[in-house]
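Colleague: I'm still new to reading protein models, so could you take a close look at a single part with me? Pick one strand, please, and walk me through what surrounds that strand.

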Amino acid sequence: MRRLLLLASLALAAPPALAQGLVTERTLSAALAHEAVAAAVEACAGRGHRVTAAVVDRSGIVRALLRADGAGPHTVASARAKAYTSASMRAGTSQILETVRTNPGAARLPDIEGFLVVGGGLPIRVGDEVVGAIGVGGAPGGNIDDQCAEAGIARIRDRLG
């Protein structure tokens with residue numbers, strides 16, 4: 001009987017990982033998110049490209065979105081999906097694309113709802129912690145979208161952390 005009670009109490013006890021209570025997570029402020037999208041759109045405009053930039057929080061929820069004058073309507077969904085993919089995977093979408101191309105085990109990643117596995121999405125980090133992500137859509141190539149996304153991060157980098 002005593003043994004049964006001990007087993008029951010162990011089974012009902014919360015595992016250590018679940019017993020920690022509240023979790024505190026850092027995320028970007030709305031002001032920094034807006035600055036990042038503005039800088040990304042500005043960087044691409046300086047190169048003659050009309051794009052949309054989106055910043056999401058660590059969970060992939062949109063914090064800021066800016067569509068340049070004349071940017072195609074599809075660029076809104078593209079930028080958001082790239083940011084979401086990057087935040088979810090905690091990696092750049094160009095890196096994810098390369099993994100999909102070279103690793104058969106990753107071939108189905110593009111099938112995940114909401115994912116867009118093309119260049120233009122970058123995680124926003126404070127040290128090793130991903131606090132959000134930025135996605136840019138509309139330039140004539142993922143490498144250019146990546147460069148504009150990096151310009152967005154560069155604008156706010158000194159105020160992260």
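Modeller: Here is a walk around strand S1 and its neighbours, in a model that is predicted.

Let's begin with the strand itself. Strand S1 covers residues 52-57. Six of its six residues are buried, so S1 is largely enclosed by the rest of the structure. Now look at where the side chains go. Thr52, Ala54 and Val56 point one way from S1, while Ala53, Val55 and Asp57 point the other way. That fits a general pattern: in a regular strand, side chains alternate between the two faces of the sheet. Here, the residues pointing either way are all buried.

Next, the sheet. Four strands make up an open sheet, in the order S2-S1-S4-S3, and the pairing is antiparallel. The edges are strand S2 (62-67) and S3, each of which pairs on one side only. On average, neighbouring strands of this sheet are turned by 15° against each other, if you ignore direction.

So who sits beside S1? On one side there's S2, paired with S1 in the antiparallel sense over five bridges. Val55 stands opposite Ala64 in S2. The two strands form a hairpin with four residues between them. In that turn, Gly60 has a positive phi of about 90°.

S1 also pairs with S4, again in the antiparallel sense, over six bridges. To find one of these bridges, go to Val56: the partner in S4 is Ala133. Step across S4 and you reach S3, which pairs with S4 in the antiparallel sense over six bridges. One place to look there is Arg125, whose bridge partner in S4 is Val130.

Now for what packs on the sheet. Helix H2 does, touching S1, S2 and S4, and its direction makes about 30° with that of S2.

That brings us to the largest nonpolar core, which has 27 residues. Val55 from our strand is among the residues that touch the most other members, and so are Cys44 and Ile134. S1 supplies at least two residues of this core, as do helix H2 (30-45), S3, strand S4 (129-137) and helix H5 (142-156). H2 gives the most, with seven residues.

Ile134 is a good one to click on. Leaving out residues up to four places away in sequence, Ile134 touches Ala54 and Val55 from our strand, and its other contacts include Ala36, Ala40, Ile124 and Ile153.

Cys44 is worth a stop too. This residue is buried, with a relative accessible area of 0%. Cys44 and Cys148 form a disulfide, and their sulfur atoms are 2.0 Å apart. If the word is new to you, a disulfide is a covalent bond between the sulfur atoms of two cysteines. The torsion about the S-S bond of Cys44 and Cys148 is about 105°, so the disulfide is right-handed. Cys44 is in helix H2 and Cys148 in helix H5, so to speak two distant parts of the chain, 104 residues apart, linked by the pair. Cys148 counts as buried as well, at 1% relative accessibility. A search of the whole structure finds one disulfide.

To retrace the route, start at S1 with its six buried residues, step to S2 or S4, and then look at H2, which packs on the sheet.

Methods
Residues numbered from 1 in each chain as written. Predicted model: local features only at pLDDT ≥ 70, side-chain atom pairs only at ≥ 80, totals over all residues. Heavy atoms only, no water. Core = buried A, V, L, I, M, F, W, Y, C linked by side-chain atoms within 4.5 Å. Buried < 20%, exposed > 50% of the residue type's maximum accessible area, 1.4 Å probe, protein only. Contact = heavy atoms within 4.5 Å. Pairing = 2+ DSSP bridges. Axes fitted to C-alpha atoms, helices over the stretch in contact; angles between N-to-C directions. Disulfide = S-S within 2.5 Å.
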